[in-house]
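Okay, thanks for making time, everyone. I've got one structure to walk you through today, so let me put it on the screen.

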Amino acid sequence: MDTTVSEKILAMIGVEKVRRYEVTQKDIKRFAQAIGETNPIHFDVDYAKSSGYNTVVAPPLFCQMFTFEDVPLEQLPSDGSPIEIDVPIPAQKTVGGGSSYEIFQLVKAGDLITVKSTLKDLFTKEGKSGLLYFVVVETAFSNQHNEPVARETATYIKRV
Amino acid sequence: MKGDKPVWEKISMTTRIPELVVSPDHRQVFMFSAATWNRHHIHYSKDAAIREGLPDVVVQRGLIGNFLGRLLTDWVGERGELRKLAWKVTRSAIPGKNIVCRARIKEKFDSEDEKYLICEVTASNEKDEPIASGEAMVVFTNNHGAS
């Protein structure tokens with residue numbers, strides 16, 4: 001990497017982006033369907049109430065629904081990969097990654113979720129087929145009562 | 001909710017957690033991309049995926065995480081909650097193939113009001129090659145755990 005690129009990346013690290021979403025019953029039902037979850041607690045209000053909740057509750061990793069910012073298509077990189085990992089590195093191919101996801105409380109229909117996304121780190125390692133770039137993004141989710149609901153630290157691995 | 005739910009007092013390091021076998025197809029990968037607004041072309045364009053050196057469209061890391069989560073929430077039911085899940089994807093998973101998710105209890109401990117299990121989790125493909133591995137924390141709550 002030349003110096004200019006490094007400086008650009010340094011300036012991006014630690015910058016927090018904030019956005020808010022209201023959670024609907026529809027969001028929870030569709031997320032549950034997408035992950036193959038059939039527990040009625042996610043789509044049947046009466047069943048959720050009989051289980052001690054006021055309304056339907058979301059599966060534990062539900063906030064993944066809000067991890068990627070819904071920017072207009074023209075702002076995304078040409079491969080459509082998330083804007084969160086759009087950093088000026090000479091590597092665009094995805095080769096895996098990891099995630100650490102903490103759940104502080106289950107999201108419920110009607111919650112207003114604040115999403116705070118930060119590029120935490122970028123580092124390289126020598127891999128079997130060349131240099132690998134690790135892009136680390138932290139996303140924190142809180143509700144309308146200012147209570148944390150979840151936090152995810154995701155590591156994306158890219159190669160040239 | 002399937003099967004008998006685990007009782008905290010009876011859980012030991014040798015307690016077997018039933019495996020979860022899933023077979024995500026192209027539709028499910030599409031639905032998960034739609035739900036999470038993931039527009040990365042490796043999840044919908046086979047040509048683009050192949051150009052990136054992948055065998056086909058790949059199953060999202062996030063969806064694999066949800067399978068590992070379901071493995072544990074299916075088992076504990078309403079007696080407990082998934083509190084933490086950390087996983088790494090080490091091999092691409094492609095649609096139309098079985099993924100077998102397994103968990104093994106690693107630690108069991110109490111605090112004043114909650115009961116914790118730490119589990120190792122893995123996901124393998126139909127050749128029993130590892131796709132993902134990691135660790136989860138499950139909490140048994142006293143509210144639900146006593147009955």
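I'll go through how chains A and B meet, first the sheet and then the helices. Keep in mind that this is a predicted model.

So, the contact itself. Chain B brings 33 residues to it and chain A brings 32. If you look at the chain B side, helix 1 (26–36), helix 3 (61–76) and strand 2 (80–89) each put in at least two residues. What's the chemistry of that side? On chain B we've got 13 nonpolar, twelve polar and eight charged residues touching chain A.

Now the sheet. What order do the strands come in? It's an open sheet of ten strands, and reading across you get 1(A)-3(A)-4(A)-5(A)-2(A)-2(B)-5(B)-4(B)-3(B)-1(B), with antiparallel pairing. Out at the edges sit strand 1 (16–22) of chain A and strand 1 (20–22) of chain B, each of them pairing on one side only. As you step from one strand to the next, the twist averages 20 degrees.

Let's zoom in on where the chains join up. Strand 2 of chain A, that's residues 93–103, runs antiparallel to strand 2 of chain B, and six bridges hold the pairing. If you want a spot to click on, A:Gly97 has B:Val89 as its bridge partner. Strand 2 of chain B also pairs within its own chain: nine bridges link it to strand 5 of chain B, residues 130–141, again antiparallel. There, B:Trp87 is bridged to B:Gly134.

Rotate a bit and you'll find helix 3 of chain B. That helix lies across strands 1 to 5 of chain B and also across strand 2 of chain A. Relative to strand 2 of chain B, helix 3 runs at about 145 degrees.

Last stop, the helix pair between the chains. How do helix 2 of chain A and helix 1 of chain B cross? Their axes come within 8 Å, at roughly 150 degrees. Anything over 145 counts as roughly antiparallel, so that's what we call these two helices. The crossing is left-handed, by the way.

Who's actually touching there? From helix 2 of chain A it's A:Arg30, A:Phe31, A:Gln33 and A:Ala34, and from helix 1 of chain B it's B:Gln28, B:Met31, B:Phe32 and B:Ala35. By class, that contact comes out as five nonpolar, two polar and one charged.

That's the tour. Happy to spin the model around if anyone wants another look.

Notes:
Residues numbered from 1 in each chain as written. Chains lettered and ligands numbered in written order. Predicted model: local features only at pLDDT ≥ 70, side-chain atom pairs only at ≥ 80, totals over all residues. Contact = placed C-beta atoms within 7 Å. Helix = DSSP H or I, 4+ residues; strand = E, 2+ residues; numbered from the N terminus. Nonpolar A, V, L, I, M, F, W, Y, C, P; charged D, E, K, R; others polar. Pairing = 2+ DSSP bridges. Axes fitted to C-alpha atoms, helices over the stretch in contact; angles between N-to-C directions. Parallel < 35°, antiparallel > 145°, perpendicular 65-115°, else oblique. Left-handed = near helix turned anticlockwise from the far one by under 90°.
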